[in-house]
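Subject: Structure handover and notes

Dear colleague,

I am passing on the structure we spoke about, and below it you will find my notes on what turned up when I went through it. Please read them with the coordinates open beside you.

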Amino acid sequence: LWVILRASAPLAIIPYAFAMIVLVGTTWRLRGAGRSVAASALIVVTSLLCLHVWWFTEPFLADAHGSPTGNTFTVMTANLHIGRADPAAVLGAMDRYGVDILVLEEVTPSALAELDMGGIDRRLDHRAGAPSEGRDGIMVFANEHLHEVGVIDAATPGYDVEVATGRGPLHILAVHPTAPNNGVAQWSRDLDVVVASARASNGPTVVAGDFNATLDHPQLRALMDFDYRDASADAGLGWRPTWPSPGNIRLDGVGLPSLFGLDHVFIRGPLEATYARTRAIPGTDHRALVTRISWTD
C-alpha cells in the first residue's frame, strides 16, 4: 500500500484541487463557527495541494549542465511484456524516431528471433545482453560499437555497457528491478543496487529501463541527488506516464488510462534531453519511452 500511495502522489493533485474549490465556496456561504471550520479545512487542503504540486514539479526545475549542441542521439526503452509486444510496432517506432540506442526488457528468445527477422540489425547492428524465458531478458542495441562492462546484480539482472561515440565513451545502464508485487523487500533491494551502480558509473551515463518505480519513490529521489536528471523532466514540463498502456488493464470492463511513470531514462554528465514522448506498443502493458538527448558544450 505504501508503494502504491507514493506512486499516486501526483494524482492526488486532482482531488485536492476539487476539494479546495468546494471549500472556497463553502467558506464563502457559511457564517459563524461553520465558516471557521470550513476555513481551517481549506487551509489544510490548500497546504497539501501545494505540497503535492511541489513534489510533482520539483524534477522539472533541475538545471542542465551547459547548452545543447547539434550532436544528438535518441534513446528508446520498452518492456516487451514477456515477449508479447508486436515486433513490427517496435521496429516502426525505431524508424519513426530515428532511435540510436534501444533498451528492451522482458526479451524472450522468440521475441528476439522476430525482431531479427524484421531486420533490427539493419537499424542497430551492435547488441549486448541476452534474451531469457520469463521476465529476465534484457538487451541493448546501438548503432555504435558496444563494450560490455559488467552485470548489474539485481534479481532481474541488468547490464552496464559502454558505447563508443564521437564525444568519447558513453555508459548505458540497462535496468529492470523486480516489481513490488513480487515482494517489496526485493523490489527495494533491486532499486538500491541500481542506484549504487549508477552512482559508481564514471563519465557521461544514461540509465534506462523499466524501473517499476516513479519519481516519488525514495530510491529514484536518491538517484537524482547523485546529479542524475530524469530525461522526461529535462525535456520540459509534461505528464508522460508509461503504465498501464491505455485499455490494457480493465476494471469492470472499463480500460484504465496510463497513470504511472514506471519507465525512465536518467542522464548524468554533459547531456541534456531536448525531446521526450511515450508511444503505445500493441501487446505490452507498458508504453515505450523515447527521448532525444543532446551533448552539451
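I begin with isoleucine 82, which is placed in the loop between β1 and α4. Please keep in mind throughout that this is a predicted model. The phi angle of isoleucine 82 is near 50°, a positive value in a residue other than glycine, and with a relative accessibility of 25% the residue counts as partly exposed. Histidine 81 is found in the loop between β1 (68-79) and α4 as well, and although histidine 81 is not a glycine, its phi is also positive, at about 55°. Is histidine 81 buried or exposed? Histidine 81 is buried, because its relative accessible area of 16% falls under the 20% that sets the limit for that class.

Two further loop positions deserve a look before you use the model. The peptide bond that leads from tryptophan 243 to proline 244 is cis, with omega near -10°, and proline 244 belongs to the loop between α9 and β10 (250-251). Aspartate 216, for its part, sits in the loop between β8 (205-210) and α8 (218-225), where a relative accessibility of 8% makes it count as buried. If neighbours within four places in sequence are left aside, the residues in contact with aspartate 216 are Arg6, Ala7, Ala9, Pro10, Trp55 and Arg221.

Turning to the sheets, one open sheet is formed by six strands in the order β3-β4-β2-β1-β14-β13, with mixed pairing. Its edges are held by β3 (126-130) and β13 (271-279), each of which has a single partner strand, so one side of each is left without a neighbour in the sheet. From one strand to the next, the twist averages 15°. Within this sheet, strand β2 (residues 101-105) pairs with strand β4 (residues 138-142) in the antiparallel sense over five bridges, and isoleucine 101 stands opposite alanine 142 in β4. Helix α4 lies across β1, β2, β13 and β14 (288-296), and its direction runs at about 140° to β13.

Another open sheet, again of six strands and with mixed pairing, has the order β5-β6-β7-β8-β12-β9. Here β5 (146-152) and β9 (229-230) stand at the edges, and each has a single partner strand, so that one side of each lacks a neighbour in the sheet. Strands β6 (residues 158-165) and β7 (residues 168-175) pair in the antiparallel sense over seven bridges, with valine 161 opposite isoleucine 172 in β7. Helix α7 (residues 184-200) packs on this sheet, where it touches β5, β7, β8 and β12, and its direction makes about 175° with that of β7.

How many cavities of 30 Å³ or more does the structure hold? There are two of them, and the largest contains about 280 Å³ of space. Its lining is made up of 21 residues, of which Leu215, Asp230, Trp239, Gly261 and His264 lie nearest the centre. Among the elements, α3 (32-57), α9 (231-234) and β12 (263-268) each supply at least two residues of that lining, which by class has 12 nonpolar, five polar and four charged residues.

The second largest cavity holds about 40 Å³ of space, and it is lined by Leu80, Gly83, Ala85, Pro87, Val90, Ala111, Glu114 and Leu115. The elements that give two or more residues to this lining are α4 (87-97) and α5 (109-118), with α5 giving the largest share, three residues. By class, the lining of the second largest cavity has six nonpolar residues, one polar and one charged.

Finally, the largest pocket has about 590 Å³ of space. It is lined by 27 residues, and those nearest its centre are Ala179, Pro180, Asn181, Asn212 and Leu262. Helix α1 (residues 2-7) gives the most to the lining of this pocket, with three residues, and by class the lining has 12 nonpolar, 11 polar and four charged residues.

With best wishes

Methods:
Residues numbered from 1 in each chain as written. Predicted model: local features only at pLDDT ≥ 70, side-chain atom pairs only at ≥ 80, totals over all residues. Heavy atoms only, no water. 1 Å grid on protein atoms, 1.4 Å probe; cavity = no way out; pocket = protein on both sides within 12 Å on 5 of 7 lines; lining within 4 Å. Points joined across faces, edges and corners; volume = space filled by probe spheres on them. Helix = DSSP H or I, 4+ residues; strand = E, 2+ residues; numbered from the N terminus. Nonpolar A, V, L, I, M, F, W, Y, C, P; charged D, E, K, R; others polar. Buried < 20%, exposed > 50% of the residue type's maximum accessible area, 1.4 Å probe, protein only. Contact = heavy atoms within 4.5 Å. Pairing = 2+ DSSP bridges. Axes fitted to C-alpha atoms, helices over the stretch in contact; angles between N-to-C directions.
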